[in-house]
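Here is a friendly walk through the structure, taking a few single residues and then the wider picture. Keep the model open beside you as you read.

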Amino acid sequence: MDGWKMKPVVLGIASFAVMLLAWESAVRLGWVNPFFVSQPSAVAATLSRTAKSGELEHNLAVSFGEFAVGYGLSIVVGILAGALAARFRTIEYALDPFLWFLYSAPLIAFYPIFVIWFGLGVPTVIALAFLLSFPQIAASTLNGFQNVNPGLIRAARAFGATERDLLWKVALPASVPMVISGLRLGIGRALMGVVVGELFGATAGLGYSISYYGGLLKTTDLIASLAVIVVLGVLSTQGLSALEARFDSWRVND
Amino acid sequence: MKLTRSIYLTAHNATSRLCAQRTLISTLAVAAFLAVWELAPRTGAVDATFTSQPSRVIAAGWDIVTSGGFLNDVSVSLAEFAIGFGLAIAIGVPVGLVLGRFPFLRNLLDPPIMAIYATPHLALLPIIVVWLGIGMQSKIAVAFVGGVIPILVNTTAGVRGLERSWIVAARSFCASSWDVFVKVILPGSLPSITLGIRLGLSRAVLGVVVGEMYQSQAGLGNKVMRYGSEFRTDYLLFYVLLISVFGLAATTAVRVFEEKLWTAGK
């Protein structure tokens, strides 16, 4: 069993290694122009240089700060809105068209209006991250609460559970997996908001640095920042997937 | 027979009453939002330069549509979207089918694909602009990259989720590999493929618009950025709403097709 599980991991690492090797050797052999594609060794050197000079740390800190505030806000507001909508049908029906619009419209197109409202820079980036991830979290929370087994609620009521007990002891634990899957999907959207917000107008951050180096045609520095974003995206998604599996483990399949 | 029918009808009536209530409350909420948006600047509570008003947006829309150049922007954006997303379907579906059939290839390519899936695809904009310039090619590429990954991943998942016994049954009735592919695998994974197309569609629309907002010479996203920097919120909002309506309409069309498929399967 273990052998079978190991195989995809080994193959996956091998495929990354082969890709990096092919990229490096294609440049070294002169098949492609490093001006456009850079090369892994140069990217690694740039990463270690920016790590030493504190540039990487600064960009990471700025982006992470914006992400944390925007995503944190969307967790609080999203879960609250989802829970209220699940409890009160009127709120659900009233919120529904707005949530649906926010969820499916290309919200990033609203970026210029945020700039007009909040000014260029950090607050706009936070607003974008919030607005992208909030509808996802609200929708998943609503979904999770609505799909709580009605038998469980009836049983709890029969044993004299109050409204408060129902929320804390039945609805919340039963909907945790859905909420967490909403949080996982929300991370990707919040990250998108931060990166795109910084792409358009910022003075620091990972998105800013890829846009800045892109403008200077310094592909090595651009790819170095891009690589950091890729790693962050993978790590955060994997982390939340692990959390999801953990919170779902108590559930028995019937 | 009669009893089940009456139970069914009661349930049906209750559902339709609930649906009517839902439509009423949703409509009221949207109407209230529009009313506040229209009236707040009139009372002087907020500055219309920042929020605009529904009436101004409509007036701006009329202005934009009747003046020249509008059709040019629409056709540039539509062409970028159609080519990029068309390529995403043309490449994503076949590659996804192959990856679904061959576990070795799948295990080999899964990690890089997942890495791209977890990355915000719009972060690739600057490098794509370095490679392809600020013309239509770079938007086509971004729309392609945004659309192809969900299509590929969902197609692969659809093929993997197929009942193995169907393939075995088809084979035992002497179906050739081609028959199995065309008559079992393709129709069986069609629901997942359309799901992937629906997910990819909104990412492709986003790619075109944000690509145009980032660096471009024409297109709807270009105008969004331009009117934004000129503080003309009414013009800006008209373009944003137009893009949203296009995205919603296209997604809804795919969703309707998807539901048809599911009911046809049953």
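## B:Ser176, between two helices

B:Ser176 has a relative accessible area of 35%, so this residue counts as partly exposed; the class sits between the cut-offs of under 20% for buried and over 50% for exposed. Please keep in mind that this is a predicted model. To find B:Ser176, look in the loop that joins helix H8 (164-172) to helix H9 (177-214) of chain B.

How far apart are the C-alpha atoms of B:Ser176 and B:Val145? The separation is 34 Å, for two residues that stand 31 residues apart along the chain.

## B:Thr119, a buried loop residue

Another loop of chain B, between helix H5 (103-118) and helix H6 (125-132), holds B:Thr119. Is B:Thr119 buried or exposed? Its relative accessibility is 7%, and because the cut-off for buried is under 20%, B:Thr119 counts as buried.

The side chain of B:Thr119 has a polar partner in its own chain: the backbone oxygen of B:Ala115, at 2.6 Å. Leaving aside residues up to four places away in sequence, B:Thr119 touches A:Ile229 and A:Val230. Both of these contacts are with residues of chain A.

## The fold of chain A

Turning to chain A, what does its secondary structure consist of? There are 11 helices and zero strands, so that reading from the N terminus gives an unbroken run of α elements. The C-alpha atoms fill a box of roughly 75 × 60 × 30 Å along the principal axes.

Chain A has 254 residues, and 43% of them count as buried. If you look at contacts in chain A between residues at least 6 apart in sequence, 70% of them join residues at least 24 apart.

## The ends of helix H8 in chain A

Helix H8 of chain A covers residues 150-158, and its N-terminal end is capped by A:Asn149. A side-chain oxygen of A:Asn149 lies 2.9 Å from the backbone nitrogen of A:Gly151. After the helix comes A:Gly160, with a positive phi near 80°.

## A:Thr46 and the cavity in chain A

A:Thr46 belongs to helix H3 of chain A. With a relative accessibility of 8%, A:Thr46 counts as buried. Its contacts, not counting residues up to four places away in sequence, are A:Thr220, A:Asp221 and A:Ala224.

A:Ala224 turns up again in the lining of the largest cavity. How many cavities of 30 Å³ or more are there? The count is one, and the space in the largest cavity is about 80 Å³. Its lining is made up of 13 residues, and those nearest the centre are A:Thr50, A:Glu55, A:Leu56, A:Ala224 and A:Ser225. Two or more lining residues come from each of helix H3 (40-53), helix H4 (55-87), helix H10 (206-215) and helix H11 (219-248) of chain A. H11(A) gives the most, with four residues. By class, the lining of this cavity has six nonpolar, five polar and two charged residues.

## A pocket lined by both chains

The second largest pocket holds about 910 Å³ of space. It is lined by 27 residues, and A:Phe101, A:Phe110, B:Phe33, B:Trp37 and B:Leu241 are the closest to its centre. Chain A supplies two or more lining residues from each of helix H5 (89-104) and helix H6 (111-118), while chain B does so from helix H1 (2-43), helix H3 (54-66) and helix H11 (233-265).

Which helix gives the largest share of this lining? That is H1(B), with seven residues. What classes of residue line the second largest pocket? There are 26 nonpolar residues, one polar residue and no charged ones.

## The two domains of chain B

Chain B is assigned a domain 1 (1-46) and a domain 2 (53-265). Their C-alpha centres lie 32 Å apart, and the contact between them takes five residues from domain 1 and five residues from domain 2. Each of these domains also gives at least three residues to the lining of the second largest pocket.

Definitions and conventions
Residues numbered from 1 in each chain as written. Chains lettered and ligands numbered in written order. Heavy atoms only, no water. 1 Å grid on protein atoms, 1.4 Å probe; cavity = no way out; pocket = protein on both sides within 12 Å on 5 of 7 lines; lining within 4 Å. Points joined across faces, edges and corners; volume = space filled by probe spheres on them. Nonpolar A, V, L, I, M, F, W, Y, C, P; charged D, E, K, R; others polar. Domains from an automatic or database assignment. Polar contact = N/O pair within 3.5 Å; in protein donor to acceptor, adjacent residues only side chain to side chain. Buried < 20%, exposed > 50% of the residue type's maximum accessible area, 1.4 Å probe, protein only. Contact = heavy atoms within 4.5 Å.
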